[in-house]
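Here are a few short exercises, each with a worked solution. Have a look at the picture, try each task yourself, and then read on.

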Amino acid sequence: SFSHFDTLWSGWRLIEHIGGRQGDKSEKIIKRAAFLSHDPERTEILGRHLLERRNKAIHASETNAADGEEVMFQMRDLISPLLWGFLFNHHNLQTKYEFWDMLDLPPDAEHIQQQISLRETGLNIRRRLTETVAPKDSA
């Protein structure tokens with residue numbers, strides 16, 4: 001029979017697979033899943049909760065069949081936005097690495113705009129420096 005632990009374990013393996021490179025920390029993958037959520041803070045809390053449940057189930061063999069359905073719905077809530085974004089690629093990203101880089105952005109528009117402004121400033125500085133480099137002596 002398929003237990004709620006199997007659901008939790010399978011769901012967690014899926015989120016690790018679509019949420020990042022092998023070796024990426026669980027906290028980073030949870031933040032990535034939260035980026036595509038309507039409520040990133042709630043999703044991060046949910047992700048940490050499920051990670052803790054998974055770890056307890058693995059290391060301490062703690063399982064509680066009574067809340068199995070709840071765990072399945074929580075896992076669905078965590079995975080769905082990430083899976084949808086990964087499969088359908090509505091943003092026309094070229095690689096899964098671009099997808100993950102996008103998910104590493106801050107979860108609010110104001111902070112993303114600040115990063116864009118900083119990058120534009122940095123780009124302008126580098127362009128000016130490149131243009132003003134003295135030509136190398138050809139002698």
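**Exercise 1.** Does Leu87 count as buried or exposed, and why?

*Solution.* Keep in mind as you work that this is a predicted model. Start with the cut-off: exposed means over 50% relative accessible area. Leu87 has 54% relative accessibility, so Leu87 counts as exposed. Next, place the residue in the chain: Leu87 is part of helix H4, which covers residues 68-88. Finally, look at the surface: together with Trp84 and Phe88, Leu87 makes a nonpolar patch of about 360 Å².

**Exercise 2.** Classify the aromatic pair formed by Phe86 and Phe99, and find where its two residues lie.

*Solution.* Three aromatic pairs are counted here. In the pair of Phe86 and Phe99, the ring centres are 5.8 Å apart and the planes meet at 65°. Planes over 60 degrees apart count as edge-to-face, and that is the class of this pair. Phe86 sits in helix H4 and Phe99 in helix H5 (residues 96-103), so the pair links distant parts of the chain, 13 residues apart. Phe86 is partly exposed at 27% relative accessibility, whereas Phe99 is buried at 6%.

**Exercise 3.** Now do the same for Tyr97 and Trp100.

*Solution.* With ring centres 5.4 Å apart and planes at 85°, this pair is edge-to-face. Both residues belong to helix H5, three residues apart, or about one turn of the helix. As for cover, Tyr97 is partly exposed with a relative accessible area of 40%, while Trp100 is buried at 2%.

Definitions and conventions. Residues are numbered from 1 along each chain as its sequence is written. This is a predicted model: local features need pLDDT of at least 70, side-chain atom pairs count only at pLDDT 80 or more; totals for chains, interfaces and linings use all residues. Side-chain values use heavy atoms; hydrogens and water are left out. Patches are made of residues with over 30% relative accessible area and no salt bridge: like charges are joined within 9 Å, nonpolar side chains (Val, Leu, Ile, Met, Phe, Trp, Tyr) within 5 Å. Accessible areas come from the Shrake-Rupley method with a 1.4 Å probe; for residues, only the protein chains shown count as cover. A salt bridge is a side-chain nitrogen of Lys or Arg within 4 Å of a carboxyl oxygen of Asp or Glu. Helices (H or I, at least four residues) and strands (E, at least two) are DSSP runs, numbered from the N terminus. Buried means under 20% relative accessible area, exposed over 50%, partly exposed in between (1.4 Å probe, protein chains only). Rings of Phe, Tyr and Trp (its six-membered ring) pair if their centres lie within 6.5 Å; planes under 30 degrees apart count as stacked, over 60 as edge-to-face and the rest as tilted.
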